[in-house]
Amino acid sequence: MMKLNLLEETRFEKVSVSVFENSRTASIHVAHRIAEIIRKKQAENTFAVLGLATGVTPIAVYAELIRLHKEENLSFRNVITFNLDEYYPMQSVSAQSYVTFMYENLFNHIDIQKGNIHIPNGTIALEGVPAFCLEYERKIESLGGLDIQILGIGRTGHIGFNEPGSAPNSGTRLVTLDDLTRRDAAHDFGGKNFVPTKAITMGIGTIFKAKEIILMAWSRKKASIIKKAVEGEISGEVPATYLQLSENVEFILDQSAASGLTRFNTPWLVKDCIWTDNFIHKAVIWLANTLQKPILKLTEDDYNNNGMAQLATEKGPVYNINIEIFNKLQHTITGWPGGKPNADDSQRPERAEPANKRVLIFSPHPDDDVISMGGTFIRLVDQKHDVHVTYQTSGNTAVWDDDALRFVEFNLDFSEKMNINTTSLKEIYQKMRDFLDQKKPNETDISEIQTVKALIRKGEAIAAARYCGLEDGHIHFQSLPFYESETNKKNAVSEKDIELTMKLLQKIQPHQVFTAGDFEDPHGTHIICFKIVLEALQRLRKTENWAKNCWLWMYRGAWHEFETHEIEMAVPLSPNELERKKQAIFKHQSQKDKAVFPGDDAREFWKRAEDRNRETAKAYDKLGLAEYEAMEAFVRWKFD
């Protein structure tokens with residue numbers, strides 16, 4: 001019976017899918033699957049032939065394999081590896097090469113024989129590429145094929161570098177990279193212009209010959225493409241859908257990557273559900289959006305014809321359900337993000353008391369505060385709350401080199417006009433010029449340039465916070481050590497990061513904390529900063545009463561917004577307030593016009609924020625709520 005239920009739940013899925021609580025447990029599972037193959041082959045006195053992938057996705061798998069080698073005597077002496085792909089052209093010693101990646105993350109730490117390692121060669125002459133690709137295929141075939149192939153998936157649906165348009169029988173070859181793939185790699189290369197336009201990749205036909213194929217995906221950022229790959233029609237536009245043709249493939253996902261699948265996102269379409277309040281909330285909003293009807297106009301037929309008959313039967317009549325959800329949504333809307341004084345707060349998202357709250361806004365980068373919640377920031381100040389803002393990192397990697405020179409040149413000119421000795425400054429300036437003249441793509445800046453870039457962003461942050469109404473004493477800069485590594489790679493979070501955050505929280509003792517909750521930040525800084533704030537508050541809640549009464553609100557930034565059913569506080573913005581928010585964002589001039597790391601959205605940050613806030617207001621309007629110019633949205637973190 002359980003098997004039948006599972007088949008019903010997964011009837012939209014066209015490949016085998018296993019979902020794990022998080023990426024760590026999933027990665028350990030995959031590593032042990034690989035180890036099992038290696039040990040089995042050792043017992044048979046033969047080689048294990050592994051197809052390996054690069055990128056963020058398999059890093060924890062490789063870490064567990066290293067642990068198994070060092071702590072549980074897993075030997076790789078009988079292992080032969082073939083990597084999926086490599087950029088072309090690409091020097092093997094380059095920091096961005098997959099040769100460097102594989103040695104740093106796996107090969108340097110195990111006892112594999114170097115002659116058994118095969119990675120596509122990004123250094124060979126163009127005319128030699130076809131012969132190299134044929135030989136790569138021949139080597140795999142001569143060993144009896146791959147025992148297992150590990151895959152990630154790109155947002156274009158590529159596996160390896162088999163971009164949209166790839167044939168299902170394709171072999172190892174030179175390919176042209178999709179623009180989205182290059183944009184996703186831009187951060188590693190110091191800008192999209194430095195990302196190679198081509199790559200050598202195993203073909204889909206080569207991958208298909210593996211005895212076992214595992215595709216891994218982590219995070220909500222991959223949820224939409226996973227849904228297409230697992231539930232969509234087979235299409236060359238999404239190369240991963242070709243895996244539906246294989247009987248030997250398994251998708252291994254964490255809960256976030258699996259969240260878009262029907263059985264998780266809209267389970268009422270495939271099974272009976274336990275209708276909790278939150279679940280009803282989500283389902284009714286989904287139904288209204290699917291049918292493009294206001295909530296109060298949904299009918300019993302609408303419920304019955306869209307998989308929600310059980311809800312109508314158990315919790316109906318449906319009009320009462322509609323009214324309840326409508327009221328719940330209406331109660332999220334407030335013009336008083338700090339709570340409305342002397343008002344009944346039983347149906348409001350924030351407490352009425354104390355009337356004047358101490359508020360601390362955490363901004364991972366120096367502009368996230370105004371981009372994400374600039375209107376709410378200004379309103380909190382206007383409503384006389386004691387507002388503080390802290391910038392957790394310097395954001396110095398996101399400043400153009402010529403802007404850094406321009407600011408030093410201004411300083412030189414100013415100092416000369418003021419008759420200030422410029423001898424030392426001229427030496428520093430020349431050192432900067434000499435470095436930048438020879439700077440390689442994504443090369444770490446010398447300390448003088450890093451300092452200038454940090455000061456540029458600091459000055460912009462101060463200007464924006466002042467525009468929002470803050471006094472200088474309420475503007476803080478943490479420069480958390482995990483970010484200020486003096487390299488392009490972040491340090492691991494340390495106790496110092498948490499201690500600095502606890503110290504600031506203890507100083508202000510806020511009633512409200514706002515922090516970035518958009519964990520799909522392409523570069524990972526937001527989620528790191530969130531976890532630091534969360535850990536600091538959790539520790540303080542054990543010993544300090546004020547911390548137990550401190551509410552933590554999450555906002556989202558330039559990347560995407562909360563789903564409507566997730567929103568717990570929606571702050572409306574008038575046209576004038578939206579304009580004030582835009583002017584605050586404009587203070588960040590180094591990020592205007594063209595940001596160093598814009599992600600996959602060509603719009604300027606102010607435009608993204610404006611459009612996103614208007615879209616949130618439209619989403620409420622379409623559901624039958626009042627029509628506003630724009631809205632900023634928040635979700636409250638629930639402490640255990």
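**Notebook: helices, cis bonds and odd phi values**

I began with helix 18 and looked at its outward side: Lys 503 and Lys 507 are exposed there, where exposed means over 50% relative accessible area, buried under 20%, and partly exposed in between (1.4 Å probe, protein chains only). I took helices (H or I, at least four residues) and strands (E, at least two) as DSSP runs, numbered from the N terminus.

Before going on, I noted that this is a predicted model, where local features need pLDDT of at least 70 and side-chain atom pairs count only at pLDDT 80 or more, while totals for chains, interfaces and linings use all residues. Residues are numbered from 1 along each chain as its sequence is written, and side-chain values use heavy atoms, with hydrogens and water left out.

**Confidence**

I checked pLDDT, the predictor's confidence in each residue from 0 to 100. The protein chain averages 94, and 96% of the residues score at least 70. Over residues 1-5 the pLDDT is below 50, and I found zero contacts for this stretch beyond near neighbours in sequence. Contact here means heavy atoms within 4.5 Å.

**Back to helix 18**

I went through the other side and listed Asp 497, Ile 498, Thr 501, Met 502, Leu 504, Leu 505 and Ile 508 as buried. Looking down the axis of helix 18, I saw these buried residues fall within an arc of 165 degrees, so they line one face of the helix. The arc is that of the directions from the helix axis to the C-beta atoms. What covers them includes strand 11 (358-363), strand 14 (512-516) and helix 19 (525-541).

I also tried the length check. Helix 18 (residues 495-508) has 14 residues, which should span 20 Å at 1.5 Å a residue, and its end C-alpha atoms are 20 Å apart, so that agrees. The expected span is 1.5 Å times one less than the number of residues. Right after helix 18 I met Gln 509, whose phi is positive, near 50 degrees.

**Helix 15**

I repeated the check on helix 15: its 17 residues should span 24 Å, and its end C-alpha atoms are 25 Å apart, which agrees. Its buried residues are Asp 403, Ala 404, Leu 405, Val 408, Leu 412 and Ser 415, and they pack against helix 16 and helix 17 (447-467).

Just after helix 15, Asn 419 takes a positive phi of about 60 degrees. I placed Asn 419 in the loop between helix 15 (401-417) and helix 16 (423-438). Asn 419 is exposed, with a relative accessible area of 73%.

**Another positive phi**

Asn 73 has a phi near 60 degrees, a positive value in a residue other than glycine. I found Asn 73 in the loop between helix 3 (59-72) and strand 3 (79-83), and it is exposed at 67% relative accessible area.

**Two cis bonds**

I jotted down why I bothered: most residues other than glycine have a negative phi, and most peptide bonds are trans. A cis peptide bond joins Tyr 88 and Pro 89, with omega about -10 degrees, and Pro 89 sits in the loop between strand 4 (85-88) and helix 4 (98-105). The bond from Glu 353 to Pro 354 is also cis, with omega near -5 degrees, and Pro 354 is in the loop between helix 13 and strand 11.
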